[in-house]
Amino acid sequence: MIGFHRFVAMKRGVILLFVLVSTLAFGQRNVRDSTIRIFSLSPHIGLQYPFEDLAERFGHGGIVGGSLMYKTKSNWTFDAFYGFIFGNNVKEDSILKPALVTGGLVLNNNGDLLDVFLFERGFLAGGNIGKVFSVLGPNPNSGLHLKVGAGLMQHKIKIQEASQSAYHVIGDYAKGYDRLSNGFMLSQSLGYSHFSNYKLVNYYIGVELFEGFTENRRTVNYDTGMHDGRQRFDIVGSFVFRWYIPIYKRQPQDFYFY
């Protein structure tokens, strides 16, 4: 019996020591005073500006999207992102010239004059690897955030006609005018990531740059009667605000002994 009681006492002692060590470890692992692992869902919104070949086709516009990020204890970050780009400033507006009458109007099959509008549509998708440098922040998990990555860029000119009766410039026919282009993309970004001590206010604000090595994917452009096979160099610069929705590992609060 004495041996059994000693075994029970030793067991309780080991459990108590383990609990004390675990409590100390978890107590130290918080946003305020330690770098911790963080998973985060991150919707974002911002402004985007075109450069190089893309600036000949579009003006400034907007970007909305989201990402999934993982931050390690050493402040390295890995994320997958998607951004939808859009705008109503189309500079390459001569694409419908063969179908236009005057003043940007086209005729439908009944001979009615119709307004046709052009818009920018596209997306940026890929992955990044980055590093948070713990400066200018309230804790070691916040600071300057540098990222580089790669992915896919795509953009086109969206043709919209409200009555949907100008059949020769919408639907499948629009593919002969829309200049659909896509290709490999590189990305870089510099900003500030903030994770609140109280886990309530978490965000990123910064500038991002995307360089797309794209090509027109349509067989022929109807307005020129030719295929445009030249290599394009399209750059998108953006200023974005990203809201982090972090998923923290829940820390134990109570312990029970039996």
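A charge sits over a ring if NZ of Lys or CZ of Arg is within 6 Å of the ring centre and within 35 degrees of the ring normal. Keep that one handy for the first exercise. And bear in mind throughout that we're working with a predicted model.

**Exercise 1. A lysine and a ring**

Find the ring that K147 covers, and check the distance against the cut-off.

*Solution.* Start at K147 and look for the ring whose face it lies over: that's Y204. Next, take the distance to the ring centre, which comes to 4.9 Å. The cut-off for a charge over a ring is within 6 Å, so the pair is listed with K147 over the face of Y204.

**Exercise 2. The overall layout**

Work out what the chain is built from, and in what order its elements come.

*Solution.* Count the elements to begin with: there is one helix, and there are eleven strands. Now walk from the N terminus, and the order reads α-β-β-β-β-β-β-β-β-β-β-β. Then turn to burial: 42% of the 258 residues count as buried. For contacts between residues at least 6 apart in sequence, 72% join residues at least 24 apart. Finish with the surface: about 14,500 Å² is accessible, and carbon and sulfur atoms own 65% of that.

**Exercise 3. Strand by strand**

Trace the pairing from strand 6 through to strand 10, and name a bridge partner at each step.

*Solution.*

- Step one: strand 6 (residues 117-133) pairs with strand 7 (residues 143-160), antiparallel, over 17 bridges. Here K131 faces L146 of strand 7.
- Step two: strand 7 also pairs with strand 8 (residues 181-195), again in the antiparallel sense, and this time over 13 bridges. Across this pairing, Y192 in strand 8 is what L144 stands opposite.
- Step three: strand 8 goes on to strand 9 through 15 antiparallel bridges, with L186 opposite E211 in strand 9. These two strands make a hairpin with six residues between them, and K199 in the turn has a positive phi of about 65°.
- Step four: strand 9 and strand 10 run antiparallel and are joined by 13 bridges. V207 has F239 in strand 10 as its bridge partner.

**Exercise 4. Inside the core**

Which residues of the largest nonpolar core touch the most other members, and which strand gives the most to this core?

*Solution.* The core has 28 residues, and the ones touching the most other members are L96, L118, L124, I159 and F210. As for who supplies it, strand 2 (61-71), strand 3 (76-87), strand 6, strand 7, strand 8, strand 9 (202-216) and strand 10 (231-243) each put in at least two residues. Strand 7 gives the most, with three.

Now zoom in on F210. Beyond its neighbours within four places in sequence, F210 has contacts that include F81, L124, M153, M185 and L186. On its list you'll also find D234, I235 and V236.

**Exercise 5. Stacked or tilted?**

Take two of the aromatic pairs, Y82 with F123 and Y192 with Y203, and sort out how each is arranged.

*Solution.* There are ten aromatic pairs to pick from. For Y82 and F123, the ring centres sit 5.7 Å apart and the planes meet at 25°. Planes under 30 degrees apart count as stacked, so this pair is stacked. It bridges distant parts of the chain, with Y82 in strand 3 and F123 in strand 6, 41 residues apart. Y82 is partly exposed at 38% relative accessible area, whereas F123, at 19%, counts as buried.

On to Y192 and Y203: 6.2 Å centre to centre with 55° between the planes, a tilted pair. Y192 belongs to strand 8 and Y203 to strand 9, eleven residues apart. Y192 is buried at 16% relative accessibility, while Y203 is partly exposed at 22%. Follow the ring pairs further and you get a cluster of Y192, Y203, F241 and W243.

**Exercise 6. Two loop residues**

Decide whether N139 and D223 are buried or partly exposed.

*Solution.* N139 is in the loop between strand 6 and strand 7. Its relative accessibility is 5%, and buried means under 20%, so N139 counts as buried. Setting aside neighbours within four places in sequence, N139 is in contact with V31, R32, F195, S196 and N197.

D223 is found in the loop between strand 9 and strand 10. With a relative accessible area of 22%, D223 is partly exposed. Its C-alpha is 8.0 Å from that of G176, and the two are 47 residues apart in sequence.

Notes: Residues are numbered from 1 along each chain as its sequence is written. This is a predicted model: local features need pLDDT of at least 70, side-chain atom pairs count only at pLDDT 80 or more; totals for chains, interfaces and linings use all residues. Side-chain values use heavy atoms; hydrogens and water are left out. Two strands pair if DSSP finds at least two bridges between them. Helices (H or I, at least four residues) and strands (E, at least two) are DSSP runs, numbered from the N terminus. A nonpolar core is a set of buried Ala, Val, Leu, Ile, Met, Phe, Trp, Tyr and Cys residues joined through side-chain atoms within 4.5 Å. Buried means under 20% relative accessible area, exposed over 50%, partly exposed in between (1.4 Å probe, protein chains only). Contact means heavy atoms within 4.5 Å. Rings of Phe, Tyr and Trp (its six-membered ring) pair if their centres lie within 6.5 Å; planes under 30 degrees apart count as stacked, over 60 as edge-to-face and the rest as tilted. Accessible areas come from the Shrake-Rupley method with a 1.4 Å probe; for residues, only the protein chains shown count as cover.
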